[in-house]
Amino acid sequence: MTFTDLSRADPQTNEAMQWFHRTSGKPREALRMLEETLAVPEPEQPKVSAGAFVEQIDESIQEQGRREVMSVLVNLRQSEIRALVRRAAHAKGRYLAALMELPRSQASRKTAIEEVALLRREFEELEIGLKTLRQLVLDSDIDVIGVD
C-alpha cells in the first residue's frame, strides 16, 4: 500500500491502520485492545482537598524522578563523581582567571565579557549538578558502587 492508497483508505474497514500495523509487526488484536483501553474513561476518583492533591502530585513527581534517574545513572562509580568534582573546580578556576583578566579597553570588552559569562554558566551548571547528585546520594535515590 502506498501513501496514495492511504489517502483513499476506507474509514469503515480501517484499512490504513491495518497497513501501518502490518509493517510494524503488531497484530490487529493488539491494536483493537489498545483502542478499547484508550477509549475507557478513567474511573472517577473520590474528591480530595487541594492540599492532599498537591501532596499526591509531589509524591508522583518524586517517584517518577527517582525512576528516571535510576534508569539513567546505573552502576555509578565514586571515581566518576570525583572526576565531575575536578571538572567543576577547574571550571571555577577558569572563570575566575578570565574574570581577573577582563580588558579595560572598550574595544575588546564585549567579546571578553561574553566569554566570561559562558565560563560562569558552565561553572554554575556543574555546581548545581553536583549539589543535585549529592542530594540524590543522601536520599538514596541513586546507587553509587561502594557507598552504603
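How much accessible surface does the chain have, and what share of that surface belongs to carbon and sulfur atoms? In this predicted model, the accessible surface of the chain comes to about 12200 Å², and carbon and sulfur atoms account for 57% of that area. The chain holds 148 residues, of which 15% are buried. Its secondary structure consists of 6 helices and 2 strands, which are arranged along the sequence in the pattern α-α-α-α-β-α-α-β. Among the contacts in the chain with a separation of 6 or more, 61% are made by residues that stand 24 or more positions apart.

The interior is described here through the largest nonpolar core, which has 15 residues. Within this core, the residues that touch the most other members are Leu76, Leu84, Tyr95, Leu126, Leu133 and Ile142. Helix H5, spanning 78-100, and helix H6, spanning 109-138, each supply at least two residues of the core, and H6 gives the most, with 7 residues. In soluble globular proteins, nonpolar side chains tend to be buried together.

Helix H6 can be followed in further detail. This helix has 30 residues and reaches 43 Å from its first C-alpha to its last, a span close to the 44 Å expected at 1.5 Å a residue. Its buried residues are Ala112, Val116, Ala117, Leu119, Phe123, Leu126, Leu130, Leu133 and Leu136, and what covers them includes H4, strand S1 (residues 76-77) and H5. Leu126, which is listed both among the buried residues of H6 and among the core residues that touch the most other members, is in contact with Leu84, Arg87, Ala88 and Ala91 when its neighbours within four places in sequence are left aside. After the end of H6 comes Ser140, a residue whose phi is positive, near 60°.

Charged side chains also join parts of the chain, and a search of the whole structure finds 5 salt bridges. One of them pairs Glu122 with Arg94, the closest N and O atoms lying 2.5 Å apart. Because Glu122 belongs to helix H6 and Arg94 to helix H5, this pair ties together parts that are 28 residues apart in sequence. Glu122 is partly exposed at 34% relative accessibility, and Arg94 is likewise partly exposed, at 31%.

A further group of charged residues, made up of Glu63, Arg66, Arg67 and Asp141, is linked in a network of salt bridges. Within this network, Glu63 forms a salt bridge with Arg66, with 2.9 Å between the closest N and O atoms. Glu63 and Arg66 are 3 residues apart in helix H4, so about one helical turn separates them. Glu63 counts as partly exposed, with a relative accessibility of 32%, and Arg66 is also partly exposed, with a value of 27%.

The side chain of Arg66 also meets that of Asp141 in a salt bridge, at 2.7 Å from N to O. This second pair links distant parts of the chain, since Arg66 lies in helix H4 whereas Asp141 lies in the loop between H6 and strand S2 (144-145), 75 residues apart. Is Asp141 buried or exposed? Its relative accessible area is 11%, and therefore Asp141 counts as buried, the cut-off for a buried residue being under 20%. Apart from its neighbours within four places in sequence, Asp141 is in contact with Arg66, Met70 and Leu136. Of these contacts, Leu136 is itself one of the buried residues of H6, and Arg66 is the partner of Asp141 in the salt bridge described above.

On the surface, a nonpolar patch of about 360 Å² is made by Val48, Phe53, Ile57 and Ile61. Phe53 lies in helix H4, which covers residues 50-72, and has a relative accessible area of 46%, so that this residue counts as partly exposed. Helix H4 thus appears in several parts of this description, because Glu63 and Arg66 are placed in this helix, while H4 is also included in what covers the buried residues of H6 and contains Phe53 of the nonpolar patch.

Conventions
Residues numbered from 1 in each chain as written. Predicted model: local features only at pLDDT ≥ 70, side-chain atom pairs only at ≥ 80, totals over all residues. Heavy atoms only, no water. Helix = DSSP H or I, 4+ residues; strand = E, 2+ residues; numbered from the N terminus. Buried < 20%, exposed > 50% of the residue type's maximum accessible area, 1.4 Å probe, protein only. Contact = heavy atoms within 4.5 Å. Areas by Shrake-Rupley, 256 points an atom, 1.4 Å probe, with all protein chains shown as cover. Patch = residues over 30% accessible without salt bridge, like charges linked within 9 Å, V, L, I, M, F, W, Y side chains within 5 Å. Salt bridge = Lys/Arg side-chain N within 4 Å of Asp/Glu carboxyl O. Core = buried A, V, L, I, M, F, W, Y, C linked by side-chain atoms within 4.5 Å. Expected span 1.5 Å × (residues − 1).
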